[in-house]
Amino acid sequence: MTGANRIAGAGRLTPAKTARFSFDGRSYTALAGDTVASALLANGVHLMGRSFKYHRPRGVVSAGPEEPNALINVSRDTARSQPNVRATVQEVFDGMKVGSQNRYPSLSFDLGGVNDALSPFFAAGFYYKTFMWPKQAWASIYEPRIREAAGLGVSPTEEDPDHYACRYAHCDVLVIGGGAAGLAAARAAALSGASVILADEQPELGGALHFDTGAEIDGQNGYAWAQKTARELVGMENVTLLSRTTAFGYYAQNFVAMAERVTDHISRPEANAPRERLWQVRAKRVIIATGSIERHMVFADNDRPGILLASAARTYLNHFGVAVGRKVGVYTAHDSAYEAAFDLKRAGVSIVAIIDSRMRPGEGLLEQARSLGIEVFTDHAVIATSGRLRVASMTVVPNGGSAKRKFTIDALITSSGWTPSVHMFSQSRGKVAYDAATGRFLPGHYVQDCVSVGTCNGTDDLQAILEEATAAGVKMAAESGHDGAAAATPAGRNLFAWTGGMAGAAYGAGPDDSVKAFVDFQNDVCAKDIRLAVREGMHSIEHIKRFTTNGMATDQGKLSNLHGLAIAAEALGRGIPEVGLTTFRAPYTPVTFGTLIGHARGDIFDPTRKTPMHAVEEANGAAFEDVGQWKRAWYYPRAGEDMHAAVNRECRTVRTSAGYFNASTLGKIEVVGPDAAAFLNLIYTNSWDTLKPGRCRYGIMLREDGFVYDDGVVGRIAEDRFHVTTTTGGAPRVMHHMEDYLQTEFPHLDVWLTSTTEQWAVIAVQGPKAREIVAPLVEGVDLSNEAFPHMSVAEAKVCGVPARLFRVSFTGELGYEINVPADYGAAVWEAVAKAAEPFGACPYGTETMHVLRAEKGYIIVGQDTDGTLTPDDAGLAWAVGKKKPDFVGIRGLKRPDLIREGRKQLVGLLTKDPNIVLEEGAQIVADPNQPKPMTMLGHVTSAYWSENAGRSIALAVVAGGRAKLGQTLYVPMPDRTIAVEVSDMVFIDKEGGRIHG
Amino acid sequence: MLLIHCPYCGEDRSELEFRAAGDAHIARPANIAAISDEEFADYFFLRDNPKGLIYERWRHIHGCGRFFNAVRDTVSDKFVMTYKAGEPKPDLSPAPGVAPALPADSRPVETYEATEGRAE
């Protein structure tokens, strides 16, 4: 037996297949195909959660994704634990552990329930108004405590061991929703020859046909027709049918995101199966067949466990074979609840009474009720219920009257009508329109290539739905270029044509402000809260929503929107369409982070770029730093060395012997063509006409506004060929910048640009012994000062490999940069290392590179400049061609602000105490005793301990800096004020002789 | 994610392959070194921010690498058309009597006007 409330012969599950699961430590048996909700109901468990704010006992309300109450924690094992799962969606698998949430110590006795007694103090906006003082306490005390008490589930603490997949798909027609409308539309489109994707959130297709046993299509039961049609679609080559797949986001140009739950229903999933799969579908046409969601009645204490939607009770009975109670009351303003009552009655459940707020139910219902022996009270209202952990009674009065009748019940099913699910349509940026006749919002103006069919489009009659859906399938297929065989429209028949519906609070649920008539169960929003919001001055529906939290979070207005809107409209004295709907947002239902992230986590979260020498450096014990996506060797610690000691040693070694450095990440662009020099004349401030093949020049590139954009050494390989280097971080944007000008402003120039950053491995050898180390490896170039002076470039062979050899220096020492094809990088690096060994030379990393260049006052664009420095500010005015007629930035440089006196200029700083190393970014002032706010003169851009200078050094931008040489300035820090002297930017070898070795 | 038609590749490709590059049809003055501060400000700093059609430059950076021009509707985010760099600016002002792309009563949600405009 799988539960006392399982009705023999009812439902579609097989009693032969069972699964064991536990709920709060107690073991239960389910049937295969059960959801957690249906299995618990079968065992007579209605109490499944506690509400968010008041901690009221709550039971299941729905049988679908709109469920606001039955949020549970599902775990497979210790690492696989997921909070906030809807019990109405989660299928039971054998061995699953389910826990209730937001209660302490237990679900039936929850200390937080005291909030309910205190609820007069917890009105809407309570938190905003109460926890305002002291200000600091919000972040440290109030918010964490409130979140703890008003929490949902608890996040798992262990890393998610599952993996998630993603897939892109293109199709002619995407059908969202696999109920009667979606199936008919998909079938028609597929028969026309269109490629079709049909997605439905449930395990089996059919939508409302799950519960609506009165529906008949093509002479058979509607659900059976749905399964037959689904099988037919699965057999078609041009159809992809995705069950357990929720379309949750509708983006521009028919781009729809869908989450497929692949293994969450399986007891022992295959190890290589993803848990969930993200589908990103681009469809030529989209057919929205999302159906509609039943609304509850808004009346006093309508949230007790055992009070649920009529259609949910019908689903539990007709699909799962579970009776939601034995003595069931019905409270409705819509005909659909009658059919639920009829089905339950026929299954042997006692229907205590149908309370209908309307005078006149739809045709034939009263007769049917009478023949089944069900008492109906029209024009009546339920004004109270009782029962702490399960509803026990309902109190009924005539509308407007006060003669009370109390009925003993153990379940109460309600319906106030159906809300078309316009979420996807609204997300597509379509505009909804209010249909006054039926009191609902329907798709109005379309913005994208989609169409709505079925009850989400306001079409209620089954035959009309099938006709509309079939026509839409044919039309959408034709619009995507497929005019194949047209499908015959299936013939459909409902038992009853449903009428009725209301939005807002029922009689007896206000306007006094003590009755708790819930509008939004999940956020504990009552009718009185919405009225309070209006009284307190919230007149826009968007403000009312935020003040009360109605329809926020995962509900996204599924159950609460129309009720909340109607109550607000009434309180405002305006019509519903004038008040307007709030925005529907993606995701339609919650989506796990895993699904969104897919494979992009851990090592493959972001691409990692490694140089050809990476493995060798790693083997040599290098510490690496991230520079953009690059991994760069930071320093090479030897046994017992910390970073400071290693860097000091590397710095000393380069200046006394030599060092070698992996400069492969340097940006490189090959500029080729008859107009290459003319092009560089326009891109750089320097002049390139005078640069002879075999020579190099340091170039500066500006933006049009005159600020320094990038710098680097450019070598002229031939008349029509330049080897351009850029900063490591600037390589892509410099390429983009050059292409932009070449393609759009200077298209008359005959030039080709090729990024060669990753084609060349670069080894810089720097230091007095550099020539002696490099010379034995080089063929074809005379390395003497006379033949190959500073700023030379030559094509040569190094270690037998074709190479470009540069005589350049970023250290101020005699230096060479060996460029070899990337594949030879590691081998040449090892050859250089071997050649360097006899001289006591060592490899050095980026930290030493930074110190050595700062010792010489060589700037790093992006560190010592920040996009507001001109070449003159940086002390590089010499690199701007004075006679050039044009270059990018030539006009910007003449702007009044760029030529005024007192601009910030790059200078050196020497601390009075040579042992203090300044902090990069620290501010500089002239008068340390000036009251706040002090006048900032500039800031420190680079600061290091220089082992070679035997003291700390720094570069800084200082207003009017070059005129302040020798002056004392101050760097105020939190704990002290540091006195500094303004100096020039060269701290080692001021004469610059060493570079010419 | 938008689909963008590259006029050089002749393909609709994902927005991921493209990079926006500012307003189109703003030519760098041939005599740029000689223009006044005001002319330079007009050329370099000042841009319109239209509600409706905007003419933009885009680059198919992860495709053919070419810069091209596009007309986009800033209200709907839709690309109306794309065309090659150097081609003349198309005239897309609606003919008299032709309805605008959005209905007269349409309004963007969640702007100040949308939420506050009608509140008492």
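A:Asp335 is buried, with a relative accessible area of 0%. Its side chain meets that of A:Arg358 in a salt bridge, 2.8 Å from N to O. Keep in mind that you're looking at a predicted model. Across all chains, the structure holds 51 salt bridges, and below we'll look at some of them, at a helix, at a threonine and at the place where chain A touches chain B.

**Salt bridges inside chain A**

- Let's stay with A:Arg358 and A:Asp335 for a moment: A:Arg358 sits in the loop between β19 (350-356) and α9 (365-372), while A:Asp335 sits in the loop between β18 (327-332) and α8 (336-346), so the pair ties together parts that are 23 residues apart in sequence.
- A:Arg358 is buried too, because its relative accessible area is 13% and the cut-off for buried is under 20%.
- Another pair is A:Glu670 and A:Arg721, whose side chains meet in a salt bridge at 2.8 Å, N to O. This one links distant parts of the chain: A:Glu670 belongs to strand β35 (residues 667-672) and A:Arg721 to strand β38 (residues 721-726), 51 residues apart.
- Are the two partners buried or partly exposed? A:Glu670 is buried, with a relative accessible area of 7%, whereas A:Arg721 is partly exposed, with 30%.
- A:Lys856 forms a salt bridge with A:Asp989, and their closest N and O atoms are 3.8 Å apart. Here the link spans 133 residues, from the loop between α23 and α24 (896-899), which holds A:Lys856, to the segment after β51 (977-983), which holds A:Asp989. Both A:Lys856 and A:Asp989 are buried.
- Salt bridges can also join up: A:Arg56, A:Arg58, A:Asp301, A:Asp303, A:Arg304 and A:Asp524 are linked in a network of them.

**A covered helix and a buried threonine**

- Helix α5 of chain A (residues 180-191) has twelve residues and reaches 17 Å from its first C-alpha to its last, close to the 16 Å expected at 1.5 Å a residue.
- How many of the twelve residues in α5(A) are buried? Ten of them are, which makes this helix mostly covered. Among the buried ones are A:Ala180, A:Gly182, A:Leu183 and A:Ala190.
- After α5(A) comes A:Gly193, which has a positive phi, near 105°.
- Over in helix α23 (residues 846-855) of chain A you'll find A:Thr846. At 2% relative accessibility, A:Thr846 counts as buried.
- Which residues does A:Thr846 touch, leaving aside those up to four places away in sequence? They are A:Glu625, A:Arg632, A:Ala633, A:Trp634 and A:Phe661.

**Where chain A meets chain B**

- On the chain A side, 39 residues are in contact with 38 residues of chain B.
- The area buried between the two chains is about 3300 Å², and carbon and sulfur atoms give 50% of that. In chain A, A:Glu704, A:His736 and A:Arg891 lose the most area to chain B, together 20% of what that side buries.
- A:Arg891 also forms a salt bridge with B:Asp37, with the closest N and O atoms 2.4 Å apart. The rule finds four salt bridges across this interface.
- There are also 15 residue pairs in polar contact between chain A and chain B, both residues being at pLDDT 80 or more.
- Which elements of chain A give two or more residues to the side that touches chain B? They are α13 (541-548) and α20 (731-745). The largest share, seven residues, comes from α20(A).
- Sorted by class, that side of chain A has eleven nonpolar, eleven polar and 17 charged residues.

Terms used. Residues numbered from 1 in each chain as written. Chains lettered and ligands numbered in written order. Predicted model: local features only at pLDDT ≥ 70, side-chain atom pairs only at ≥ 80, totals over all residues. Heavy atoms only, no water. Contact = heavy atoms within 4.5 Å. Buried area = accessible area lost by both parts, 1.4 Å probe. Polar contact = N/O pair within 3.5 Å; in protein donor to acceptor, adjacent residues only side chain to side chain. Helix = DSSP H or I, 4+ residues; strand = E, 2+ residues; numbered from the N terminus. Nonpolar A, V, L, I, M, F, W, Y, C, P; charged D, E, K, R; others polar. Expected span 1.5 Å × (residues − 1). Buried < 20%, exposed > 50% of the residue type's maximum accessible area, 1.4 Å probe, protein only.
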